[in-house]
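Work through the exercises below with the model open beside you. Try each task before reading its solution.

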Amino acid sequence: MKLYRKLYSVHKWLGLTTGIFLLLLGLSGSILVFKDTLEDSIYTDINTVSVKSKPIALDSIYQIITRQYPNLDGLSWINPEAPANQAYCFRLYLNDAQLLTYDLGLLRIDQYTGQIIRHGRSDDWRLDLLEWCFQFHFSFHWGMPGAAFAASMGIIMLLSMLTGALVYRKFIWKVLTFKVRVKTKNWRTISSDLHRIIGVWSLLLNAIIFFTGFWMNLFAFEADTWHNEVIPTQPNTLVKVSLDKMYKEALSKMPDLIPNYVYLPTQPNKKFNVRGRLQNQNPLFAGGNRVNFDAQTGLFINIKRFSELAFGEKLEALFYPLHVGNYGGIFVQLLYVIIGLTPGVLAITGFLLWWRRK
């Protein structure tokens with residue numbers, strides 16, 4: 001009985017002290033499941049361009065962006081799969097030498113004219129609401145401390161689920177066999193039964209989502225990351241060989257690759273690489289596919305495929321798709337949206353249970 005009370009007390013206070021943050025993480029995560037779809041709907045007029053015979057060279061676009069941003073940590077093309085009438089989208093890796101801001105940016109450019117359509121920091125909601133939501137989701141817009149705090153929320157949610165499973169262990173099988181129903185006698189019974197039922201049914205997927213979120217934010221606990229964050233970025237060191245040539249060669253060396261991310265270095269010792277999924281490959285297994293080049297010499301370095309990775313690398317490559325739910329079509333995405341809302345519901349019903357006892 002004493003152990004039960006201690007477990008209940010831990011479960012209760014974890015929920016009461018972090019409930020609002022878990023609610024915000026779950027809500028923002030649910031929105032981001034359909035980020036690309038919402039982006040196309042909200043910003044269709046801005047992001048649509050007039051198709052001409054051929055886009056200008058990637059080298060030219062690189063020059064335009066690096067002139068606009070002369071001190072970039074890096075630059076990546078994040079929509080090489082997009083239709084011909086959709087503007088190229090680039091993620092900017094910035095650094096304002098402040099710990100309390102997370103330095104991501106976004107730039108859209110007309111690939112036929114070279115005109116920059118919109119650009120700026122991702123923490124400016126006027127630039128792009130969905131980019132703002134994306135950065136909020138993993139850092140609360142508190143920079144490196146925020147990223148560490150978001151990772152901590154993942155661990156706290158896992159502890160909350162573990163203590164909850166131990167406290168309500170006698171109900172788990174009953175819930176799974178539909179022997180526990182929501183009693184509508186009053187708000188107390190409704191909140192109690194909802195807390196148990198939702199907690200049990202969302203347990204496994206929430207554990208996966210919060211653990212993978214924690215793992216992807218582990219960089220926020222590294223001393224070097226914090227140290228580098230306050231060092232101003234050096235002026236761009238531009239690549240000395242053709243990006244178009246390396247991109248074309250990457251696709252020829254891995255002809256079954258469907259690219260979804262191209263990294264364009266702007267600092268020394270960074271590699272040019274092309275990433276994506278393979279033809280007929282489920283996005284769940286797409287994290288380990290890439291072709292790497294030396295950006296300063298243009299020399300081919302290596303090819304990596306998911307199937308050839310070591311077990312630990314394969315496991316880590318699964319974390320991103322398992323976190324965002326992009327691997328199973330619309331039904332899996334809807335499931336992730338629903339599960340993303342459960343931390344908020346559990347926080348509310350848990351608070352009502354505590355209020356009832358008080």
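**Exercise 1. A strand and its two faces**

Which residues of β3 are buried on one side, and which on the other?

*Solution.* Keep in mind that this is a predicted model.

Step 1. Recall the pattern of a strand. In a regular strand the side chains alternate between the two faces of the sheet.

Step 2. Sort the residues by side. Leu104, Leu106 and Arg108 lie on one side of β3. Gly105, Leu107 and Ile109 lie on the other.

Step 3. Apply the cut-off. Buried means under 20% relative accessible area. Both faces of β3 are covered, with those residues all buried. The count for β3 is six buried residues of six.

**Exercise 2. The neighbours of β3**

Find the strands that pair with β3, and give the sense and the number of bridges.

*Solution.*

Step 1. Take β2, residues 88–93. β2 and β3 pair in the antiparallel sense over six bridges. Tyrosine 93 stands opposite leucine 104 of β3.

Step 2. Take β4, residues 116–121. Its pairing with β3 (residues 104–109) is antiparallel too, over five bridges. Check two positions. Isoleucine 109 faces isoleucine 116 in β4. Glycine 105 has arginine 121 of β4 as its bridge partner.

Step 3. Look at the connection. β3 and β4 form a hairpin, with six residues between them. In the turn, glycine 114 has a positive phi of about 80°.

**Exercise 3. The cavity**

Locate the enclosed space and describe its lining.

*Solution.*

Step 1. Count. The structure holds one cavity of 30 Å³ or more. The largest cavity has about 440 Å³ of space.

Step 2. List the lining. It consists of 26 residues. Nearest the centre lie His11, Ser160, Gly164, His195 and Leu346.

Step 3. Assign elements. Those that give two or more residues to this lining are α1 (2–32), α6 (143–167), α8 (187–201) and α13 (329–357).

Step 4. Classify. The lining divides into 16 nonpolar, eight polar and two charged residues.

**Exercise 4. The whole protein**

Summarise the overall numbers.

*Solution.*

Step 1. Secondary structure: the protein has 13 helices and eight strands.

Step 2. Extent: the C-alpha trace spans about 70 × 45 × 45 Å along its principal axes.

Step 3. Burial: 46% of the 358 residues count as buried.

Step 4. Surface: the accessible area is about 18,700 Å², with 63% belonging to carbon and sulfur atoms.

Step 5. Contacts: take those between residues at least 6 apart in sequence. Of these, 63% join residues at least 24 apart.

Definitions and conventions: Residues numbered from 1 in each chain as written. Heavy atoms only, no water. 1 Å grid on protein atoms, 1.4 Å probe; cavity = no way out; pocket = protein on both sides within 12 Å on 5 of 7 lines; lining within 4 Å. Points joined across faces, edges and corners; volume = space filled by probe spheres on them. Helix = DSSP H or I, 4+ residues; strand = E, 2+ residues; numbered from the N terminus. Nonpolar A, V, L, I, M, F, W, Y, C, P; charged D, E, K, R; others polar. Pairing = 2+ DSSP bridges. Buried < 20%, exposed > 50% of the residue type's maximum accessible area, 1.4 Å probe, protein only. Contact = heavy atoms within 4.5 Å. Areas by Shrake-Rupley, 256 points an atom, 1.4 Å probe, with all protein chains shown as cover.
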